[in-house]
Amino acid sequence: MNENTYGRLTEKVKRAQQLMREFEEIQFDWHAWPGMYPLVYFCDDGDALCAHCAKHPDFVLDIVSVDPHLEGPAIQCDHCGRWIESAYGDPDDETEE
Ligand SMILES: [Zn+2]
């Protein structure tokens with residue numbers, strides 16, 4: 001018996017659609033919990049990404065580390081340019097009180 005599958009979804013398409021729905025539901029965290037420390041997503045090539053860009057399909061598989069940014073100068077997202085401030089600021093920055 002050959003079942004006519006034209007006009008229907010194959011199991012592979014259904015599976016891919018399900019995985020994409022699950023992927024879209026996942027929101028990467030901007031801050032660590034507990035502590036609310038800003039999070040930086042680091043790629044295997046050393047690039048730093050914000051939570052938004054880290055979830056991009058082009059980058060998500062490159063992420064090797066998610067680190068809280070505790071102290072020091074702000075880190076710029078290498079994709080969108082957004083600045084990720086450190087939790088305690090930059091101790092070398094004289095303009096900050
Ligand atoms: Zn970004």
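**Exercise 1. Identify the residue of β3 that stands opposite V40, and describe the sheet around this pair.**

Solution. Step 1. V40 stands opposite D67 in β3. The model is a predicted one, in which local features need pLDDT of at least 70 and side-chain atom pairs count only at pLDDT 80 or more, while totals for chains, interfaces and linings use all residues. Residues are numbered from 1 along each chain as its sequence is written. Strands (E, at least two residues) and helices (H or I, at least four) are DSSP runs, numbered from the N terminus.

Step 2. A second bridge partner in β3 is P68, which pairs with L39. Over 5 bridges, β1 and strand β3 (residues 63-68) pair in the antiparallel sense; two strands pair if DSSP finds at least two bridges between them.

Step 3. On the β2 side, F42 stands opposite A48. Strand β2 (residues 48-49) pairs with β1 over 2 bridges, again in the antiparallel sense. The hairpin of β1 and β2 has 4 residues between the strands, and G46 takes a positive phi near 95° there.

Step 4. The result is an open sheet of 3 strands in the order β2-β1-β3, with antiparallel pairing. Because β2 and β3 stand at the edges with a single partner strand each, one side of each is left without a neighbour in the sheet.

**Exercise 2. Determine which residues form the largest nonpolar core, and which elements supply them.**

Solution. Step 1. A nonpolar core is a set of buried Ala, Val, Leu, Ile, Met, Phe, Trp, Tyr and Cys residues joined through C-beta atoms within 7 Å. A residue is buried if 20 or more other C-beta atoms lie within 10 Å of its own, exposed if 12 or fewer, and partly exposed in between, with C-beta atoms placed from the backbone.

Step 2. The largest such core has 6 residues, namely L39, Y41, L49, C50, C53 and A54. Two or more of these residues come from each of β1 (39-43) and α2 (51-54).

Step 3. Take L39 as the example. Two residues are in contact if their C-beta atoms, placed from the backbone, lie within 7 Å. Leaving aside neighbours within four places in sequence, L39 is in contact with D29, W30, H31, A32, A51, V66 and P68.

**Exercise 3. Describe the loop between α1 and β1 through Q27, H31, P34 and M36.**

Solution. Step 1. Q27 is found in this loop and counts as exposed, with 9 C-beta neighbours inside 10 Å. Between the C-alpha atoms of Q27 and K55, 28 residues apart in sequence, the distance is 7.8 Å.

Step 2. H31, in the loop between α1 and β1, is partly exposed, with 14 other C-beta atoms within 10 Å. Beyond four places in sequence, the contacts of H31 are M36, Y37, P38 and L39. The C-alpha atoms of H31 and D67 are separated by 9.8 Å, although these residues lie 36 residues apart along the chain.

Step 3. Most residues other than glycine have a negative phi, and most peptide bonds are trans. In this loop, W33 and P34 are joined by a cis peptide bond with omega about 0°. M36, a residue other than glycine, has a positive phi near 60°. M36 is exposed, with 11 other C-beta atoms within 10 Å.

**Exercise 4. Assess helix α1 and the overall form of the protein chain.**

Solution. Step 1. The expected span of a helix is 1.5 Å times one less than its number of residues. For the 15 residues of α1 (residues 11-25) this gives 21 Å, in agreement with the 21 Å between its end C-alpha atoms. The number of buried residues in α1 is 0, so the helix lies largely in the open.

Step 2. The protein chain contains 2 helices and 5 strands, in the pattern α-β-β-α-β-β-β along the sequence. Its radius of gyration is 20 Å, well over the 13 Å that the globule rule gives for 97 residues, so the chain is more spread out than a compact globule. The radius is taken over C-alpha atoms, and the rule is 2.2 Å times the number of residues to the power 0.38.

Step 3. Along the principal axes, the C-alpha atoms fill a box of roughly 80 × 30 × 20 Å. Of the 97 residues, 8% count as buried.
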